[in-house]
Amino acid sequence: MAEPARRSVLFVCLGNISRSPIAEAVFRKLVTDQKLSDHWRIDSAATSTYEIGNPPDYRGQSCMKKHGIPMSHTARQVTKEDFATFDYILCMDESNLRDLNRKSHQIKNCKAKIELLGSCDPQNQLVIEDPYYGNESDLETVYQQCVRGCKAFLEKARQAPPVLPHAPLGPAGSPVPRFLTFSHCRWKSVTVLDK
């Protein structure tokens, strides 16, 4: 039996100190529990520079400790390289999505599929609200949304064919799907023609 292809996911929020490191830690635990860690590259980043170099919010660390999930991360900003090397970039709200889409258009070799993590949530809560000015219960809500979204995303990613780096030609020179996107975690093929 052939080994599954290695895939990569980057979780993104505004400051990379609460929502995205929680999603990263949750997803890392899921793949570790399913013995898939060798098949995934997982990280998180910020759209802003506000918190670069800082550890995760202490309330988020407390929430993760309560759930027995290890969390170790230093905030960083999304780089041009991230768009070219990650298969998936999953963000937390519409502002993150706009920023990432704007930045991705400036990247010549962008391969990342950029979506809201909440588009995978079976409870259809698309936005994972920023808990920065909230309390512990807001962090718990973020955690629960991340668990639901990450579980659904992992299941769909496991069922999807590997991401293709380029748009090769199929029979008679017809284009074949270059990559997969998901809308509410229902995968669909999208054909992209390079000009």
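Here are some short exercises on the structure above, each with a worked solution.

The model is predicted, so to speak of a local feature takes pLDDT of at least 70 and side-chain atom pairs count only at pLDDT 80 or more, while totals for chains, interfaces and linings use all residues. Residues are numbered from 1 along each chain as its sequence is written, and side-chain values use heavy atoms, with hydrogens and water left out.

**Exercise 1. Work out how β1 and β2 are joined and how covered β2 is.**

Step 1: get the elements straight. Helices (H or I, at least four residues) and strands (E, at least two) are DSSP runs, numbered from the N terminus. That puts β1 at residues 7-13 and β2 at residues 40-46.

Step 2: look at the pairing, which needs at least two DSSP bridges between two strands. β1 and β2 run parallel and are joined by seven bridges. Pick Leu10, and its bridge partner in β2 is Asp43.

Step 3: follow the chain. It goes from β1 through α1 to β2 in a right-handed β-α-β crossover. Right-handed here means that, with the strands pointing away from the viewer, the path from the first strand over the helix to the second runs clockwise.

Step 4: check the cover. Buried means under 20% relative accessible area, exposed over 50%, and partly exposed in between (1.4 Å probe, protein chains only). Five of the seven residues of β2 are buried, so the strand is mostly covered.

**Exercise 2. Find the unit that β3 and β4 belong to, then inspect Lys103 in its helix.**

Step 1: β3 (residues 88-91) and β4 (residues 113-116) pair in the parallel sense over four bridges. Ile89 sits opposite Ile114 of β4.

Step 2: add helix α4 (residues 94-104), and β3, α4 and β4 give a right-handed β-α-β unit.

Step 3: go to Lys103 in α4. Lys103 is buried but has no salt bridge, meaning a side-chain nitrogen of Lys or Arg within 4 Å of a carboxyl oxygen of Asp or Glu. The nearest side chain of opposite charge is Asp99, 6.0 Å away; Lys and Arg count as positive, Asp and Glu as negative, and His and the chain ends are not counted.

Step 4: see what Lys103 does touch. Beyond its neighbours within four places in sequence, Lys103 is in contact (heavy atoms within 4.5 Å) with Thr47, Gln77 and Phe83.

**Exercise 3. Classify the ring pairs Phe27–Phe153 and Tyr132–Tyr133.**

Step 1: set the rule. Rings of Phe, Tyr and Trp (its six-membered ring) pair if their centres lie within 6.5 Å; planes under 30 degrees apart are stacked, over 60 edge-to-face, and the rest tilted. The count comes to seven aromatic pairs.

Step 2: Phe27 and Phe153 are 5.6 Å centre to centre with 45° between the planes, a tilted pair. Phe27 lies in α1 (residues 19-33) and Phe153 in α5 (residues 136-159), so the pair ties together parts 126 residues apart in sequence. Both rings belong to buried residues.

Step 3: Tyr132 and Tyr133 have ring centres 4.9 Å apart and planes at 90°, so this pair is edge-to-face. Tyr132 is partly exposed at 41% relative accessible area, and Tyr133 is exposed at 79%.

Step 4: zoom out. Ring pairs link Phe11, Phe27, Trp40, Tyr88 and Phe153 into a cluster.
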